[in-house]
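Me: Hi! I'm new to reading protein models, so could you walk me through one?

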Amino acid sequence: MNLTDDQKKFLNGDFGEGAKLAMKVQVAIGESFGAERMVPITRAHVALSNQDADLWLAEKMVNLGAKCRIAPTVNPGFCREYFKAKNLVSQEDYDMMERTHNAYKKLGAQLTYNCTPYIDTNVPNFGEIIAFSESSATPYANSVWGARTNREGANSALFASITGYVPEYGLLLDENRKGNILVDVQADMKNDYCYHMLGMCGKKIGHGVPVFTGLPKYISPEALRNLGAQLNTSGAYDMYHILGFTPEAPDLETAFDKKEPLRKVTITNEDFEEVLKDISLEGNREIDFVMFGCPHFTLNECRHIAMAIEGKKLKKEMWILTSSHVKSIAVRMGLDEIIENAGGHIVPDTCPDQPCWHFLKGKVGLTESPKCAYYPQRRGINFVIRDLDTCINAAITGEVK
Ligand code: F3S
């Protein structure tokens with residue numbers, strides 16, 4: 001690979017052992033993908049997970065003296081103060097989250113603990129070269145904003161943050177950003193939940209860069225977030241296009257680079273029904289709790305829930321996961337108070353795939369997100385999946401209808 005003087009200095013150890021290791025790994029990744037050079041990045045997002053391997057690497061890099069050149073935003077773990085105050089987390093789990101926090105703090109990360117940075121805290125411009133990990137973040141940055149990132153792992157995004165460079169391969173190059181699967185959506189896309197279901201059709205869509213047609217003219221940021229999150233729950237997608245909507249797909253010719261698609265797929269309401277049967281517990285039952293916010297909910301979604309439950313008493317506890325900045329605005333707007341009075345909680349900085357939810361083991365939850373249902377299964381928590389308004393009503397009545 002052709003390296004600049006600055007990049008060679010990393011390998012010589014001029015910036016310390018941590019920076020040297022980060023560059024060494026990145027050069028090896030680049031060589032394995034045939035990259036010819038490293039290019040500078042302007043943003044990064046690290047899918048911090050607060051799990052053993054994540055903590056091991058972060059502390060190793062701290063011990064080697066690494067510091068981030070580009071301060072990345074980071075994914076949620078769990079909110080230590082919130083769960084400690086409610087006595088819901090063991091000392092051991094609390095300590096691990098604190099070590100994770102301290103390690104990323106020393107590395108110089110932006111401690112945002114939010115998995116939807118592309119909506120309001122770390123929003124790239126068209127054509128910007130960035131290093132984003134996190135399943136919904138990579139496709140959103142590439143597809144919706146037209147920024148350029150490969151589907152980084154938490155570790156490679158951290159290394160990119162430290163060096164300020166990424167190897168130039170994959171989606172950084174024009175030729176790999178073109179669509180090759182035509183997906184004609186004939187399903188009824190009546191709300192944001194339907195984009196969760198569309199994303200869960202990854203098995204049928206198959207490997208490649210899908211170009212969706214047949215979608216409504218306006219698609220909300222929440223729907224686009226849902227689509228990317230679930231495409232990477234049901235499959236592995238770095239990028240998609242929506243014809244006439246996303247910036248690199250103004251027309252079919254441009255989206256497919258004047259080539260014929262490799263495959264044509266049609267998605268119908270029946271596909272959504274099949275998917276739901278596969279991933280959700282059966283409905284028409286009593287549930288124990290309701291959880292939203294995987295990926296993290298926006299202020300609009302918090303407001304929608306607050307308006308729906310204002311003045312009511314929930315029969316089932318409800319947790320809404322979001323960023324600390326959305327929570328702080330929800331507090332200012334009085335939305336948090338409305339939700340608390342009804343028996344719900346806006347929880348900042350937290351992901352469902354964390355040990356702080358141990359107390360829900362063996363219980364049945366209700367959510368609108370297949371990803372929320374997917375990860376906690378390994379912790380013995382299972383979910384029914386329904387659209388947002390059905391979930392809100394079930395929290396009020398105690399039953400899924
Ligand atoms: Fe975000 Fe955790 Fe879900 S990182 S998408 S809340 S699994």
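Reply: Sure, here is a short chat about strands, a helix and some aromatic rings.
Reply: This is a predicted model, where local features need pLDDT of at least 70, side-chain atom pairs count only at pLDDT 80 or more, and totals for chains, interfaces and linings use all residues. Residues are numbered from 1 along each chain as its sequence is written, and side-chain values use heavy atoms, with hydrogens and water left out.

Me: Okay! Is strand E11 enclosed or not, and why?
Reply: Strand E11 covers residues 317-322, and five of its six residues are buried, so the rest of the structure largely encloses it. Buried means under 20% relative accessible area, exposed means over 50%, and partly exposed is in between, using a 1.4 Å probe and protein chains only. Names like E11 come from DSSP runs numbered from the N terminus: helices (H or I) have at least four residues and strands (E) at least two.

Me: Which strand do four bridges join to E11?
Reply: That is E10, residues 289-292, and the two run parallel. Two strands pair if DSSP finds at least two bridges between them. Phe-292 stands opposite Ile-320 in E11.

Me: How does the chain cross from E10 to E11?
Reply: It passes through helix H14 (residues 299-309), and this β-α-β crossover is right-handed. Right-handed here means that, with the strands pointing away from the viewer, the path from the first strand over the helix to the second runs clockwise.

Me: And which strand do five bridges join to E11?
Reply: Strand E12 (residues 344-348), again running parallel to E11. The bridge partner of Met-318 is Gly-344 in E12.

Me: Nice. Now rings: how many aromatic pairs does the structure hold?
Reply: It holds 16 aromatic pairs. Rings of Phe, Tyr and Trp (its six-membered ring) pair if their centres lie within 6.5 Å; planes under 30 degrees apart count as stacked, over 60 as edge-to-face and the rest as tilted. Phe-289 and Trp-319 make an edge-to-face pair, 5.8 Å centre to centre with 65° between the planes. Phe-289 is in strand E10 and Trp-319 in strand E11, so this pair ties together parts that are 30 residues apart in sequence.

Me: Are Phe-289 and Trp-319 buried or exposed?
Reply: Phe-289 is buried at 1% relative accessible area, and Trp-319 is buried at 4%.

Me: What about Tyr-374 and Tyr-375?
Reply: Their ring centres are 5.2 Å apart with the planes at 80°, so that pair is edge-to-face. Tyr-374 is partly exposed at 46% relative accessibility, and Tyr-375 is partly exposed at 32%.

Me: Which rings are linked into a cluster?
Reply: Ring pairs link Phe-78, Tyr-82, Phe-83, Phe-289, Trp-319, Trp-357, Phe-359 and Phe-383.

Me: Switching topic: how many residues of helix H7 are buried?
Reply: Eight of the eight, residues 137-144, so H7 is largely enclosed by the rest of the structure. Its buried residues include Pro-139 and Tyr-140.

Me: What covers them?
Reply: The cover includes helix H6 (117-120), strand E4 (130-132) and helix H11 (221-234), where contact means heavy atoms within 4.5 Å. Just after H7, Gly-146 takes a positive phi of about 70°.

Me: Last one: what is the order of strands in the four-stranded open sheet?
Reply: The order is E8-E7-E6-E9, with parallel pairing. Strand E8 (241-242) and strand E9 (263-267) stand at the edges with a single partner strand each, so one side of each has no neighbour in the sheet.
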